[in-house]
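User: Could you take a close look at one part of this protein for me, the place where two of its helices pack against each other, and then relate that part to the rest of the chain? I am in my first year, so please go step by step.

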Amino acid sequence: MMGDETFADFERRVAEDQESDGTAPVPVHVPGKKPAPPAAKARPAPPVPSVVEEEDAPEEEEPEASDDDEAADDEPADDDADDSLPDEYDGDDDEAADDADDDDDDQPKGQHARPGFRPKDRDGVQWDYVTHEGVGFNDADDEDAMTFEKNGKTYFKPDWGDWKIGDFVGYWTKHFDIEGSQEGGEKNFLATLKKHGLRNRNHWKRVTATFLTHYAKEPEFTNAALVARQEGVRSKMRDAVKPGMLDPVEGVSLQVWAGINAKLISAGSDMAALKKLLAPHKIDEAKWARASETWNARMSDQSNPDAAMAIATEYGKAFASGGAGAYGASAQEASSSMGINDKVAGKKVKGAEPVSFERWVEIQTAQGVWAQQGKDVNAMLKKVFGLTAVDWSNMSAHWSQKLSTDYQLAGKYGELNAKYTAQYSAGDADPDGDLEV
């Protein structure tokens, strides 16, 4: 990220760069995607949670490393040092002329140095403000203070606000909340700043610059932004659900409906199998048909898209938790973090890997190629990999959660997607390939 660029701008910039170089998009598993309409005169197939595509995850550019402690140790003592600054900031005024020769002519000076600027000491070494703290801000600084000058040098002044240092998800959650509040007007924006302990816009920019200067080079800081985004989406979905939207339909709850659908697909989706699955719940076929119609309508109601996605997400959780079919046990464990009321697990998703990541990408990529070629994807999935749609959904319950919150894994996905797109486009349908599963 650069300067005071917002994360949304950062995401858009990376997406544009990737679009220009042909990088493949990363799929993110969104349970409950509305199924394709059934063929004429055929009994509608139960919906299967699917994998849809999202933007590719970017790679973060690491800032240059600093050697602050060594620079501080090398400085000579100064009896006339300014006591208002930490010892490491004090310099020898008599050496100002010599320092001028070492300064970078392009280095910004004074209070108006660009946000995020990291000044250099007399030896040309960038200061790491984290090890040289001690100069705070006050209300009078808010309009333009990002730096201060000492002996002709410009130094960055850190400001963490009252935000918890090292809480990556907490930082991004607050940051995104503030970004989003601007859509509600200035009054709403200022109220949100106050809610998060900030005085004004410039105070927010300083706290943002402080966190980015300290943590931008850490992969988990960037991954935390993805977790915070997902937490925000889940919060929005929860708020969109109105009373009655998740209530059972003629006694058929969303969980029962999803569980029967998962088992029905695994059993072959014939009428005899359906009757057998309905019997323990005392549901007849007519009631089942009405319940299915209503639940499908709720999941696809675009008059309230956030609520529709909330219902679809809960359906996906219930579908996976049923443990039906191959890889059902893996999906059952992974489902504990899939619901709108669950904490985003991301890389910490429960359960063992159902298949290797490379194998999962291969299967996902092959399906995309077959769809573009106009082939029956489900038939090819069974023929080439020996899998059903439920099997694919089950293994995706694990990997899609990890992929959607890990930029490094997303980078690996791009490489593998390109590899298998070429392989299957060329007609190679060998499921074993050259990898271990």
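Analyst: The accessible surface of this predicted model comes to about 21900 Å², and carbon and sulfur atoms hold 48% of that surface. Of the 437 residues in the protein, 46% are buried, and the chain is arranged in 16 helices and 4 strands. If we consider the contacts between residues with a separation of 6 or more, 72% of them join residues that are 24 or more positions apart.

With that background, we can turn to the two helices. Two packed helices are described by the angle between their axes and by the distance between those axes. Helix α4 covers residues 168–181, and its axis comes within 12 Å of the axis of α6, with a crossing angle of roughly 145°. The crossing of these two helices is left-handed. On the α4 side the contact is made by F168, Y171, H175, I178 and E179, while α6 contributes W204, T208, F211, L212 and Y215. Sorted by class, the residues in this contact are 7 nonpolar, 2 polar and 1 charged.

Beside this pair of helices, H196 deserves attention, since its place is in the loop between α5 (186–195) and α6 (201–215). H196 counts as buried because its relative accessibility is 13%, and buried means under 20%. Leaving aside residues up to four places away in sequence, H196 touches D162, W163, K174, D177 and I178. With one of these, D177, the contact is also polar, as the side chains of H196 and D177 approach to 2.7 Å. I178 therefore appears twice in this account, being among the residues of α4 that meet α6 and among those that H196 touches.

Elsewhere in the chain, two loop residues can be examined by their backbone angle. Most residues other than glycine have a negative phi. K282, however, is not a glycine and has a positive phi of about 55°; its place is in the loop between α9 (271–278) and α10 (285–299). K282 counts as exposed because its relative accessibility is 73%, where exposed means over 50%. Y327 likewise has a positive phi, near 65°, and is found in the loop between α11 (305–321) and α12 (328–334). With a relative accessible area of 29%, Y327 is partly exposed.

Finally, two helix residues show how parts of the chain that are apart in sequence are placed in space. Q367 lies in helix α13, which spans residues 357–372, and is buried, with a relative accessible area of 12%. The C-alpha atoms of Q367 and L381 are separated by 7.3 Å, although the two residues are 14 positions apart along the chain. Not counting residues up to four places away in sequence, Q367 touches V377, L381 and W392. D306 lies in helix α11 and is partly exposed, with a relative accessible area of 27%. D306 and R234 are 72 residues apart in sequence, and their C-alpha atoms are 9.2 Å apart in space. Under that rule of leaving out residues up to four places away, D306 touches K236, M237 and A240.

Definitions and conventions. Residues are numbered from 1 along each chain as its sequence is written. This is a predicted model: local features need pLDDT of at least 70, side-chain atom pairs count only at pLDDT 80 or more; totals for chains, interfaces and linings use all residues. Side-chain values use heavy atoms; hydrogens and water are left out. Buried means under 20% relative accessible area, exposed over 50%, partly exposed in between (1.4 Å probe, protein chains only). Contact means heavy atoms within 4.5 Å. Accessible areas come from the Shrake-Rupley method with a 1.4 Å probe; for residues, only the protein chains shown count as cover. A polar contact is a pair of N or O atoms within 3.5 Å; within protein, one must be able to donate a hydrogen and the other to accept it, and residues adjacent in sequence count only if both atoms are side-chain atoms. Axes are lines fitted to C-alpha atoms, for helices over the stretch in contact, and angles run from 0 to 180 degrees between N-to-C directions. A crossing is left-handed if the near helix is turned anticlockwise from the far one by less than a right angle, and right-handed if clockwise. Ala, Val, Leu, Ile, Met, Phe, Trp, Tyr, Cys and Pro count as nonpolar, Asp, Glu, Lys and Arg as charged, and the others, Gly among them, as polar.
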